[in-house]
Amino acid sequence: MRDFAYLVSAVCFILALKGLSSPRTARNGNLVGAAGGVLAVIVVFTTKGLGHILPILVAVAVGTVVGALVARRVQMTAMPQLVAIFNGVGGGAAALVALLELASTDDGLPLAAAIFSLIVGSVSFSGSAVTFAKLQELMTGRPVIFPGGPLVFGGTLAVAIGLGVVVFVGDGQGTAASVAAVAVVLVSLVVGVLFVLPVGGADVPIVISLLNAFTGLTVAASGYVLSNTLLIVAGTLVGASGTLLTRMMAAAMGRSITSILFGAFTARGPAGAAAGGEARPVRSVGPEDVAILLGYARKVVVVPGYGLAVAQAQHTVRELADLLAARGVAVSYGIHPVAGRMPGHMNVLLAEANVPYDQLVEMDDINPQLPYTDVALVVGANDVVNPAAKTSPGSPIYGMPIIEVGQAGAVVFLKRSMRPGFAGIENELMFDPKTMLLFGDAKESLAKVVAAVKAL
Amino acid sequence: MTEGMALLTIFVLAAFVGFEVISKVSTTLHTPLMSGANAIHGVILVGAILVAGEADTTGELVVALVAVVLATLNMVGGFVVTDRMLEMFGRGAPAAKSSQGKPEDGDSGEAA
């Protein structure tokens with residue numbers, strides 16, 4: 001009976017992933033998955049001989065309240081790091097389960113699975129913590145590279161695996177094996193940190209997706225240790241689909257996974273970053289100039305970026321677009337696949353501001369329209385419109401597809417300062433004669449432009 | 001077929017299902033899909049509960065309960081945050097109301 005309920009849960013999870021792959025069914029898909037999870041957790045309490053039920057219920061209650069509150073209240077802009085941290089704690093939980101099961105695990109394949117779970121779960125935990133720190137800007141978003149990095153990483157990984165072998169040979173029992181098991185966890189935590197440190201800011205979402213797949217595999221391995229089919233199915237589903245999703249994300253950014261993970265190891269520092277002196281001339285304009293330019297244009301393309309999200313300017317940008325549309329200007333939004341911090345992040349933010357879905361145009365469809373566009377309005381974006389991605393092979397973002405705003409008749413950047421973007425690269429386009437810059441907080445600047453357009 | 005072999009079979013078949021089930025996804029849905037998959041592996045909660053229920057010593061129980069809390073965070077937080085992303089895709093009116101209030105919630109922003 002319990003196994004049957006687990007089967008129902010497993011089917012729920014498959015349907016959830018299926019549903020989540022299509023916009024129309026996505027929300028229901030997620031609810032089906034949640035139902036599968038709730039069912040599984042209720043059913044596990046019917047397991048014979050399960051003790052300590054009260055403390056377990058308290059722990060579940062604590063996790064539920066904290067998890068739901070945090071997930072409800074966190075800002076939409078902070079969503080990517082939240083996903084990272086939820087992924088990390090899942091990996092941590094799986095590693096702890098494996099640690100506790102070690103002594104009672106049969107040797108052979110189950111023991112190997114438990115050790116796998118220890119290593120990969122710990123890597124996922126600490127790796128996610130570092131991605132969180134990068135996205136939360138608790139540390140630099142740039143690749144952290146030090147001499148001999150690849151050797152240190154390889155060496156640490158080898159030590160973790162070596163300690164795993166010690167546990168395996170000791171059958172996971174006795175003091176020596178226990179000490180080795182704890183050492184496996186500690187060393188694997190270091191491996192996770194070293195794994196993520198060299199990854200550059202813009203590639204972090206892809207690494208989160210990869211760590212997500214890792215956690216899935218960890219859960220599957222824990223399921224093997226516990227002989228629990230539901231954990232095997234759910235973990236493997238996530239491991240497989242997560243791997244595929246990671247590849248799709250990387251493809252959307254024109255990157256290969258190996259170059260993201262190991263590219264920074266071989267990079268010769270921030271190549272091409274510091275081109276040109278400090279005092280290059282740019283054209284700084286006022287909101288009235290921007291308003292005139294926009295108000296008398298025929299076609300305007302808005303390219304929103306993370307700066308828009310940070311400034312919570314999505315509602316103001318919509319107000320501006322409505323105003324322009326009322327004046328007969330054709331307005332559409334060019335959405336880069338990784339605008340914001342994650343693929344699809346910007347769509348979520350603009351949908352929150354009730355921007356009509358059909359005005360959101362994906363990069364591949366907007367690029368051919370840009371030569372016929374009068375003004376490209378870039379709000380808080382930088383890397384995703386940086387021509388260095390096409391023209392300078394030494395640049396860290398070389399090869400990433402961009403929205404080619406340089407093709408438009410005029411380009412307006414709304415920026416806080418001349419500070420380069422998340423990837424830390426100068427944008428040549430800033431110095432182009434047809435580019436205008438309006439400095440200030442994106443929301444305030446937009447509000448001023450809105451007022452100026454109204455006054456036209 | 002031994003039990004180990006049966007479990008291995010399930011593993012391999014589930015891997016194929018995982019690859020097949022999300023063959024084509026628009027970039028718009030990459031983030032919610034990742035987040036939803038993230039919530040699904042929160043089902044490690046089942047494993048954590050099983051281990052906690054068998055704990056012999058207080059030390060084991062404490063570690064297992066930590067695992068239970070972490071796994072619950074993963075599962076509940078994961079599904080809730082995914083739902084929040086996806087409600088934006090739903091049409092119109094209710095989203096407008098809630099979005100007005102959101103910037104004021106900023107003080108809870110640095111949770112987790």
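How many of the 5 residues of strand 6 of chain A are buried? The views below come from a predicted model, and we start with that strand.

**View 1. Strand 6 of chain A and its partner, strand 5.** Strand 6 covers residues 435-439 of chain A, and 4 of its 5 residues are buried, so it counts as mostly covered. Next to this strand you'll find strand 5 of chain A, residues 410-415, and the two pair in the parallel sense over 5 bridges. To pick out one of the pairings, look for Phe413(A): its bridge partner in strand 6 is Leu437(A).

**View 2. Where chain B touches chain A.** Here 82 residues of chain B are in contact with 98 residues of chain A. On the chain B side, the elements giving two or more residues are helix 1 (3-21), helix 2 (30-40), helix 3 (44-53), helix 4 (58-87) and helix 5 (93-101). Helix 4 of chain B gives the most, with 27 residues. Sorted by class, this side of chain B has 52 nonpolar, 24 polar and 6 charged residues.

**View 3. A helix from each chain, crossing.** Zoom in on helix 4 of chain A (residues 79-101) and helix 2 of chain B: their axes come within 9 Å and cross at roughly 25°. Angles under 35 degrees count as roughly parallel, and these two helices are therefore roughly parallel to each other. Their crossing is left-handed. Chain A brings Val83(A), Phe86(A) and Asn87(A) to the contact, while chain B brings Met34(B), Ser35(B) and Asn38(B). By class, that makes 3 nonpolar, 3 polar and no charged residues.

Note on methods:
Residues are numbered from 1 along each chain as its sequence is written. Chains are lettered from A and ligands numbered from 1 in the order in which they are written. This is a predicted model: local features need pLDDT of at least 70, side-chain atom pairs count only at pLDDT 80 or more; totals for chains, interfaces and linings use all residues. Two residues are in contact if their C-beta atoms, placed from the backbone, lie within 7 Å. Ala, Val, Leu, Ile, Met, Phe, Trp, Tyr, Cys and Pro count as nonpolar, Asp, Glu, Lys and Arg as charged, and the others, Gly among them, as polar. Axes are lines fitted to C-alpha atoms, for helices over the stretch in contact, and angles run from 0 to 180 degrees between N-to-C directions. Angles under 35 degrees count as roughly parallel, over 145 as roughly antiparallel, 65 to 115 as roughly perpendicular and the rest as oblique. A crossing is left-handed if the near helix is turned anticlockwise from the far one by less than a right angle, and right-handed if clockwise. A residue is buried if 20 or more other C-beta atoms lie within 10 Å of its own, exposed if 12 or fewer, and partly exposed in between; C-beta atoms are placed from the backbone. Two strands pair if DSSP finds at least two bridges between them.
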